[in-house]
Amino acid sequence: MSYPLKIAIYATPGAKTTQLAGLHEQALRLRLAAPPVDGKANSALLAWAAQTFGVGKKQVELLHGAASRQKVIQIAFASEAQRQAAQEQLQNLQQQLAHS
């Protein structure tokens, strides 16, 4: 059984580095150091999410927005405790970005 966490992302491909750049409404604004060609930006997004939340790349899935800047990803966690920890991490990121 997996415990999913959905995250809204507003992606900006073609940046110099992959990094969070603030909030876009309720979504995390993420600059991606990959072009929007042949799924490279989507792959960079999934790799960033896996690294940021400490999971394998196979646990991160793009649910919506393959050809759009507005995306929704889902991360599958092995336990409810891991999902809750990731939810808290996400809330902390959102609070930091809202105050910067």
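This briefing describes the sheet, the helices and selected residues of the structure above. The model is predicted: local features require pLDDT of at least 70 and side-chain atom pairs pLDDT 80 or more, whereas totals for chains, interfaces and linings use all residues. Residues are numbered from 1 along each chain as its sequence is written, and side-chain values use heavy atoms, without hydrogens and water.

**Sheet**
- Five strands (DSSP E runs of at least two residues, numbered from the N terminus) form an open sheet with mixed pairing in the order β2-β3-β1-β5-β4.
- The edge strands, β2 (19-24) and β4 (60-64), each pair on one side only; pairing requires at least two DSSP bridges between two strands.
- Strands β1 (residues 3-13) and β5 (residues 70-77) run antiparallel and are joined by eight bridges.
- Within this pairing, I9 is opposite K71 in β5.

**Helices**
- Helix α1 lies across β1, β2, β3 (27-32), β4 and β5, at about 40 degrees to β5; helices are DSSP H or I runs of at least four residues.
- Helix α2 (residues 80-98) lies across β1, β2, β3 and β5, at about 30 degrees to β1; such angles run from 0 to 180 degrees between N-to-C directions of axes fitted to C-alpha atoms, for helices over the stretch in contact.

**Residue A50**
- A50 belongs to helix α1 (residues 40-53).
- A50 is buried, with a relative accessible area of 4%; buried means under 20%, exposed over 50% and partly exposed in between, with a 1.4 Å probe and protein chains only.
- Beyond its neighbours within four places in sequence, A50 contacts V55, G56, K57 and V60, contact meaning heavy atoms within 4.5 Å.
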